[in-house]
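Biologist: I have just opened this one and don't know my way around. Can you walk me through it?

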Amino acid sequence: MTLASQPFSFDTPGSMLVEWGGAARIGALLRGWFTQRNLLIVTDRFLHENGLLGPALDSLKAEGFAVTVFDSVVADPPEHVLMACIEQGKAAGADIVLGLGGGSSMDIAKLAAVMLVSEQPLAELYGIGKVQGSRVPLVQVPTTAGTGSEVTNITILTTGETTKMGIVAPQLYADRVLLDAELTVGLPRTQTAATGIDAMVHAIEAFTSRHRKNPLSDLFAREALRLMAANLLPACEDGTNRAAREAMLLGSNLAGQAFSNSPVAAVHALAYPLGGHYHLPHGLTNALMLGPVLRFNMAAAAPLYAELADVVLGPSETGVQARSADFVAFMQDLMDRSGAPLRLRDVDVPEADLPMLASDAMLQSRLLVNNPIDVTEADALELYRAAY
């Protein structure tokens with residue numbers, strides 16, 4: 001790729017602060033950033049009921065913010081959760097939104113910031129670039145090192161019993177992002193592994209995406225993968241390891257910026273039906289499908305995988321095909337050692353459902369078009385079988 005022959009754009013949130021313990025002074029930060037004082041926090045019940053919001057809430061109230069907490073976000077949030085959030089925010093007169101939690105909370109926060117002031121029906125927002133007008137100020141604070149949702153312009157909602165649809169628009173980029181790795185310290189090993197692998201999938205798929213891959217997305221993807229490959233196991237083995245937690249959160253963030261500009265592909269397309277049908281966490285479903293898709297994509301992506309092998313293993317004179325195989329083997333070993341579930345059977349996916357999952361995966365055309373190699377329904381079925 002040469003800059004002269006390949007124009008590209010790169011979009012990301014307005015400003016980012018990286019600070020250990022920053023959430024405990026979020027009130028002072030927001031007071032300095034914005035004039036609005038009627039705050040809607042979008043989070044989940046676990047974080048709220050276990051007191052993890054305590055320092056942030058104390059800081060906000062000390063700085064004079066009127067705070068409304070919406071804590072009904074669930075994994076793979078359905079439309080009714082979003083609508084309940086907007087109703088609560090409007091009733092409170094919210095004029096600023098803070099997403100504090102995992103990817104689902106931050107996804108709901110993005111649309112809440114838009115729909116608090118927009119008259120557009122939700123049904124008109126699905127797709128790319130359909131959002132009109134502006135929104136209230138939006139701040140994102142992740143509590144997991146995985147989704148990178150704090151720096152993406154994408155929200156995914158569950159729209160039926162099992163189906164998901166995406167909304168992609170520049171208005172969904174946050175005004176400010178706070179990365180406070182101290183918030184990730186309490187994450188259990190299995191969740192640390194699954195969310196970390198999710199972020200690594202983002203970096204890998206951004207680097208190999210067939211569309212919109214560019215020098216900046218490549219730069220972010222490589223550095224994200226370097227950070228996470230070196231720190232995933234230390235973070236899993238000692239959840240209080242500050243250096244590892246900080247590296248994982250920054251790596252996840254960089255991967256989010258990469259895939260927001262160079263979109264993800266088949267791993268995500270195959271993961272979505274698993275989340276929709278069995279309510280498995282998004283990071284886990286990506287981890288379950290990564291190995292089979294990496295091996296499938298080697299036919300087209302070997303040169304790119306070879307480059308990533310140098311990132312995670314160091315330089316080598318090995319040929320492209322062997323080096324690509326080294327990368328796939330490295331990722332498989334990392335997943336094996338992380339403690340994340342390895343097979344679909346390990347998470348109680350019925351083997352008889354695999355054809356249905358393959359059919360559903362074909363609905364994710366927005367993602368499949370980015371894969372380095374075309375994926376047919378027959379291919380999808382074989383990939384599910386390989387993951388089983």
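Modeller: Helices (H or I, at least four residues) and strands (E, at least two) are DSSP runs, numbered from the N terminus. This is a predicted model, where local features need pLDDT of at least 70, side-chain atom pairs count only at pLDDT 80 or more, and totals for chains, interfaces and linings use all residues. Residues are numbered from 1 along each chain as its sequence is written, and side-chain values use heavy atoms, with hydrogens and water left out.

Biologist: How many helices and strands does the chain have?

Modeller: There are 14 helices and nine strands in the chain. Its radius of gyration is 20 Å, close to the 21 Å from the globule rule for 388 residues, so the chain is as compact as a globular protein of that length. That radius is taken over C-alpha atoms, and the rule is 2.2 Å times the number of residues to the power 0.38.

Biologist: What box do the C-alpha atoms fill?

Modeller: Roughly 60 × 50 × 40 Å, along the principal axes.

Biologist: And what share of the residues is buried?

Modeller: Buried residues are 56% of the 388. Buried means under 20% relative accessible area, exposed over 50%, and partly exposed in between (1.4 Å probe, protein chains only).

Biologist: Now the strands. What does β1 pair with?

Modeller: Strand β1 (residues 15-18) runs parallel to β9 (residues 176-179), with four bridges between them. Two strands pair if DSSP finds at least two bridges between them. In this pair, L17 sits opposite L178 of β9.

Biologist: How many bridges join β6 to β9?

Modeller: Two, and β6 and β9 run parallel. Q140 is opposite V177 in β9.

Biologist: Where does β5 fit in?

Modeller: β5 belongs to an open sheet of three strands, in the order β5-β8-β7, with mixed pairing. β5 and β7 (154-158) are at the edges with a single partner strand each, so one side of each has no neighbour in the sheet. Two bridges link β5 and β8 (residues 164-168) in the parallel sense, and I128 has V168 in β8 as its bridge partner.

Biologist: Different topic: G133. Where is G133 found, and is it buried or exposed?

Modeller: G133 lies in the loop between β5 (127-128) and β6 (138-142). G133 is exposed, with a relative accessible area of 58%.

Biologist: What separates the C-alpha atoms of G133 and Y272?

Modeller: They are 30 Å apart in space, and 139 residues apart along the chain.
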